[in-house]
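Please take a moment to look at the chain that follows and turn it around slowly. After that, we will walk through some of its parts together.

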Amino acid sequence: MEQTIQTKYPIVLVHGLFGFDKIKGYPYFYDIPERLRELGLTVFTPAVSAANKTEKRGKQLSSEISKILKKTKAKKVNLIGHCQGAPTCRYVAAESPKLVASVTSVNGANHGSEIADLVIDALDGKIIGDKATKIINLFFSFIGLFSTKPFLPQDFYEATKSLTTKETEEFNKKYPQGLPQTWGGEGKELESNGIYYYSWSGIINSKKILAEGLNNLDPSHTTMYALSKLFSNEKDQNDGFVGRFSSHLGQVIKSDYPMDHLDAINQIHGIHPNSLDPVQLYIDHAKRLQEKGL
């Protein structure tokens, strides 16, 4: 039995694009909150807009954090965001630093997503024909792995647009905390606002995940692999939705774990490459936060 872990502040897991807390009992962060709670940690999984601009999601998250702090009597929270959840957390940290002890990005689109670029170009008619159809179909296959009628996109276009490299660049000018100064580098672990920043992510083009092959029991692997091939440079390492270096934020724990974009949240149903347990990454990080006094 693992030793009890107790962070000073509650952990808040923030879902990404087209995400949710739970749909009919099925969680976005599969088996992660439960495993963390078993170790003694206080964990929350608030729901914000499944599809909306990052700033709007950030305002919603800030409101949810206020409720969590009131409930727990804690002074701050440790934010862990997946995909669009990462910039959503960064927004809150920049706008309300007194509420946040740390921000951790998990496969976060901190410099945008090339897939989002392609989807918007296809929707705007800049890409036409079979290629546009393929891009749209693959993207809808991706979001369809999670989305159900109660969580249809509130603003599909603006949500996707906010994750394009162009829109993210503008967002980053306003909220640069934790970002690397050089491409592929690391940002500051402790920023001037008093908040700690961390990140980890995975790639499909790793020898381990390719050697193990695509798991036929998990439809997400096939979709993620197909999306990974849409990146302009197939040699570029990516998780099927976010490029490796685009995910970097603060202290980079590791950005080439053998996992795709959805493996990072232990989906689907906990099926993932045998060489890595995604849940353990969250447990290890909770220990890291504990050691930092966070």
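Just past the end of helix α2, K73 has a positive phi of about 70°. Keep in mind that the model you are looking at is predicted.

Let us step back into α2 itself, which covers residues 54–72. How far apart should the ends of its 19 residues be at 1.5 Å a residue? The expected span is 27 Å, and the end C-alpha atoms lie 26 Å apart, which agrees. Now ask which residues of α2 are buried. They are T54, R57, G58, L61, S62, I65, I68 and L69. Looking down the axis of α2, you find these buried residues within an arc of 145°, so they line one face of the helix. The general idea behind this is simple. An α-helix has 3.6 residues a turn, so residues three or four places apart point the same way. On the face of α2 turned away from the buried side you can find the exposed residues K59, K70 and K71. And what covers the buried residues? The cover includes the strands β1 (11–14), β4 (43–44) and β5 (77–82), together with the helices α3 and α7.

K73 has company. C83 also takes a positive phi, of about 60°, although C83 is not a glycine. You will find C83 in the loop between β5 and α3. Is C83 buried or exposed? With a relative accessible area of 1%, C83 is buried, because buried here means under 20%. Another case is N107, a residue other than glycine whose phi is positive and near 50°. N107 belongs to the loop between β6 and α4, and its relative accessibility of 0% makes it buried.

In that loop, between β6 (100–106) and α4 (114–123), you can also find N110. N110 is buried as well, with a relative accessible area of 0%. What is N110 in contact with, once its neighbours within four places in sequence are set aside? Its contacts are A86, P87, R90, S105, T168, N172, L179, S246, S247, H248 and L249.

Next come the aromatic rings. A pair of aromatic rings is described by the distance of the centres and the angle of the planes. How many aromatic pairs does the structure hold? There are six. In one of them, the ring centres of Y91 and Y175 are 5.3 Å apart and the planes stand at 70°, so this pair is edge-to-face. Y91 sits in helix α3 (residues 85–95), while Y175 is in the loop between α7 (165–174) and β7 (196–202), so that the pair links distant parts of the chain, 84 residues apart. Both Y91 and Y175 are buried.

A second pair to look for is W183 with F245, where the centres are 6.3 Å apart and the planes are at 85°, so this pair is edge-to-face too. This pair also links distant parts of the chain: W183 lies in the loop between α7 and β7, F245 lies in the loop between α9 (219–228) and β8 (251–257), and 62 residues separate them. W183 is exposed, at a relative accessible area of 60%, whereas F245 is partly exposed, at 30%. Elsewhere, Y28, F29, W200 and Y282 form one aromatic cluster. A ring can meet a charge, too: the charged end of K254 sits over the ring of Y257, 5.7 Å from the ring's centre.

The cluster leads us to Q267, in the loop between β8 and α10 (278–291). Q267 is buried, with a relative accessibility of 0%. How far apart are Q267 and F29 in sequence and in space? They are 238 residues apart in sequence, but 7.6 Å apart in space from C-alpha to C-alpha. Y28 takes part here as well, as its backbone oxygen lies 2.7 Å from a polar atom of the Q267 side chain.

Finally, zoom out to the whole protein. Its secondary structure comes to ten helices and eight strands. Of its 294 residues, 56% count as buried. Among contacts between residues at least 6 apart in sequence, 76% join residues at least 24 apart.

Technical notes: Residues numbered from 1 in each chain as written. Predicted model: local features only at pLDDT ≥ 70, side-chain atom pairs only at ≥ 80, totals over all residues. Heavy atoms only, no water. Phe/Tyr/Trp six-rings, centres within 6.5 Å; stacked < 30°, edge-to-face > 60°. Helix = DSSP H or I, 4+ residues; strand = E, 2+ residues; numbered from the N terminus. Buried < 20%, exposed > 50% of the residue type's maximum accessible area, 1.4 Å probe, protein only. Lys NZ or Arg CZ within 6 Å of the ring centre and 35° of its normal. Expected span 1.5 Å × (residues − 1). Arc of directions from axis to C-beta. Contact = heavy atoms within 4.5 Å. Polar contact = N/O pair within 3.5 Å; in protein donor to acceptor, adjacent residues only side chain to side chain.
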